[in-house]
Each structure stands twice: as structure tokens, then as C-alpha cells.
Amino acid sequence: MSSVAKISRKQRRLQNKLQAQVLSSTYNNTSLDSSDCNSSDIQDDDAPDSWTKVSTSTSSSFSAAASELPFNVLLNKVSKLKRLLLLSKFYSKLCEQVFPKIREFNPDEIVCYGIGSFSTLSAAQIQLALLLIIRDELLQNCPSTSPSNTNTTTISTSTTNSKTCFRVLAYDPVFSDSDSKLLSHFGILIIPTNEAAKRYALSNTLFYMPHCEAFLYDNLLFANSTHPIPTTSLSLDDPKPSTSDSAELKPNNLFRLMIIGNDLSNLPRASKKLTFINKFSSSVISIQFPDEDTHLDSSINRFHPFNDTALMTFNSL
């Protein structure tokens, strides 16, 4: 991504935040909330490396607009957004270009990082709706399981359940009680500790990371490449890749990764911090998501939930 494109994205996010304070758009008689970007958007080079909870309020007026929604309202909004996505040309294109690749990959686990707070962010609600659709698509591959007759609370909570063929997990340091309750309602497990995306995939794993900070993608590649992996617990205060005497050398594991997120081949290569993105970006096989401006309703695409989003796997290294 060029520096010009990077600046343009920053300007667009700022414009959308300002517009959200003065516009009152509705979706099925329910107001959409104020922010168009995740708490975990692509970081700038001067952004902090630690993955911690950061307040979304930049002014008193924006803070009031970003107040949390009650659980029942939040559940209703996400359910409606899911239905709206299913009726969109965007979904039809995903069925043609993206979902077949995910089903072929057949992940044992979906791990969602950095999606943001559903209680305050419209983009996060839309991205959660798509995550639920992806899970439903994969459930069609499960024996004796279909989205219509499966209790979603058992999908992630029991690996021994005969109707369970994969888990869905999520973590973001900004998750509120309402966010956690919503995820639990949909059968999605909350990862109890801040892994900073340093998860070693033990089997095929789909990482759902739209608009995460760049260092989180870098951490994920670090943890699954030929590199010493810490065998002790990771410090929440130091999410950056590091080596230690207690590290254990693991084989290259990138073949087990599938990522939905910002196209790694488009991330700026100038930053020396993105060691593993720079190392492996040439090995990325990307399938771009459909253009959201063309294929999504304006009530959704104005929040740009899937700009620069791609489905990514890696060539054999």
C-alpha cells in the first residue's frame, strides 16, 4: 500500500467518525451507531505495539454517541445485519469466490482477533454478522449438523459433542460484558488471556482478523513460522515477537493458516517492525473480497467493514 493510500484511509476514517456524530441513519427502525472502524484497525508506524484496551472517545460528544447498547438491542441489530448480508450481492460473490476455498480448507477452529466492541462499533457488528455466516457455511460440512437444527451454544463449548466439528473463539481487549454475553449467545468462546495473536495452529485454523493492527498479523506469522516459540506464558505487557532461552524450535506451520483480514501483500513494507509480514508477504495467495461499494447496501458500506479485505493462504515454503 502506498503512503498516499495510507493517508487516504486515515482521512476516510476521520470523515466517517465526524459524519456519524451528525447523521442519524436507520436500519429497520434501529439506529446504527457512531463509529465506522474497529478498535483494532491497521496501525500506523508510530502507533503503540502493545495490544491493550484503548478508549474510543476522542471528545465528550463522541463519547456520548459511543455509549453501549443493551444486549437485546445489540442482538436484534446483529441478527438483522446478518439477514441483510445474506440478501446482498456481496454474499452471492462470496459464495462464488471465497466460501468454496474455506470449505476446501476445512478448518478445525475459527479464531477471531481484534473485531472491536459490538456495543459501540457498527463495523464490528457487521463483521460479526459475516463471521456467523461463515460458521453457518462450514456447519454444512459437519456430519449430522446444519445451521437450522443446531444449538449454537454447543458448537464451541464441547469438542466431544457429536454435532461439533470445530470451535469458534474470539478475543479483543475492548470486549465489554455485553459483547461477551452476545458472543456466548452465539456459541463463541472468549479466549481468556491476551495472546497478542501469537497462537500456534495445531490444525487447520481460520483466523478472522479484518482491520487488525499490522503487528497482530506479524505476531501470527511469527508464531507459525520457523522461529523459536516461547514455551512459557506470554506476557500481556509485551505482545511483540521475541526469543528466549525457554523457546522451542517448531517447524514452519503457515500451511495450517487461513486468514481473513487486510491483504498482507498490500501492507507497507517500509516498516522494519513488520519482520514476518515482510518475510512472507510474497508467499501470500490472496482472494480479494467483493467490492463493498458495489455489492453492499449503503447502510452497511458507509462503515467500510471489509475494505482491503482478502482471504489468504500461503505457498509451500
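In this predicted model, glutamate 195 counts as buried at 16% relative accessibility, and its side chain meets that of arginine 199 in a salt bridge with an N to O distance of 2.8 Å. Arginine 199 likewise counts as buried, at 15% relative accessibility. These two residues belong to a network of salt bridges that links Glu109, Arg167, Glu195 and Arg199. Within that network, arginine 167 forms a salt bridge with glutamate 109, the closest N and O atoms being 2.4 Å apart. Because arginine 167 lies in strand S4 and glutamate 109 in strand S3, the pair ties together parts that are 58 residues apart in sequence. Glutamate 109 is buried, with a relative accessible area of 13%, whereas arginine 167, at 24% relative accessibility, counts as partly exposed.

The structure holds 5 salt bridges, and one of these lies between helices. The side chains of aspartate 136 and lysine 82 meet with an N to O distance of 2.7 Å, and the pair links distant parts of the chain, with aspartate 136 in helix H6 (residues 122–139) and lysine 82 in helix H3 (residues 71–86), 54 residues apart. Aspartate 136 is buried, its relative accessible area being 14%.

The strands S3 and S4, which carry the pair of glutamate 109 and arginine 167, are part of an open sheet of 7 strands arranged in the order S5-S4-S3-S6-S9-S11-S10, with mixed pairing. At the edges of this sheet stand strand S5 (189–190) and strand S10 (284–288), each of which pairs on one side only. Helix H8 (residues 214–223) packs on the sheet, where it touches strand S6 (205–209), strand S9 (257–262) and strand S11 (309–314), and its direction makes about 170 degrees with that of S9.

Strand S3 (residues 109–113) pairs in the parallel sense with strand S4 (residues 167–171) over 5 bridges, and also in the parallel sense with S6, over 4 bridges. On the S4 side, isoleucine 110 stands opposite valine 168, and the bridge partner of tyrosine 113 is tyrosine 171. On the S6 side, cysteine 112 has tyrosine 208 as its bridge partner. S3 is mostly covered, 5 of its 5 residues being buried, and the covering extends to both faces, with Glu109, Val111 and Tyr113 buried on one side and Ile110 and Cys112 buried on the other.

Tyrosine 208 also appears in the packing of the interior. The largest nonpolar core has 50 residues, and those with the most contacts inside it are Ile102, Leu128, Ile134 and Tyr208. The largest share of this core, 11 residues, is contributed by H6. When neighbours within four places in sequence are left aside, the contacts of tyrosine 208 include Ile110, Val111, Cys112 and Tyr113, together with Gln127, Leu130, Leu131 and Ile134, and extend further to Ile115, Ile260 and Phe306. A second, separate core comprises 30 residues, among them Ala201, Leu257, Phe280 and Met312.

Helix H6, in which aspartate 136 is found, also holds leucine 138. Leucine 138 is buried, with a relative accessible area of 3%, and, not counting residues up to four places away in sequence, it touches Ile102, Arg103, Pro107, Ile110 and Phe166. The C-alpha atoms of leucine 138 and cysteine 165 are separated by 9.2 Å, although the two residues stand 27 places apart along the chain.

With regard to the cysteines, a search of the whole structure finds 0 disulfides. The sulfur of cysteine 112 has its closest cysteine sulfur in cysteine 212, at 7.5 Å, and this is too far for a bond, since a disulfide would require the two sulfur atoms to lie within 2.5 Å. Cysteine 112 is buried, with a relative accessible area of 1%, while cysteine 95 is partly exposed, with a relative accessible area of 27%.

Note on methods: Residues are numbered from 1 along each chain as its sequence is written. This is a predicted model: local features need pLDDT of at least 70, side-chain atom pairs count only at pLDDT 80 or more; totals for chains, interfaces and linings use all residues. Side-chain values use heavy atoms; hydrogens and water are left out. Two strands pair if DSSP finds at least two bridges between them. Helices (H or I, at least four residues) and strands (E, at least two) are DSSP runs, numbered from the N terminus. Contact means heavy atoms within 4.5 Å. Axes are lines fitted to C-alpha atoms, for helices over the stretch in contact, and angles run from 0 to 180 degrees between N-to-C directions. A salt bridge is a side-chain nitrogen of Lys or Arg within 4 Å of a carboxyl oxygen of Asp or Glu. Buried means under 20% relative accessible area, exposed over 50%, partly exposed in between (1.4 Å probe, protein chains only). A nonpolar core is a set of buried Ala, Val, Leu, Ile, Met, Phe, Trp, Tyr and Cys residues joined through side-chain atoms within 4.5 Å.
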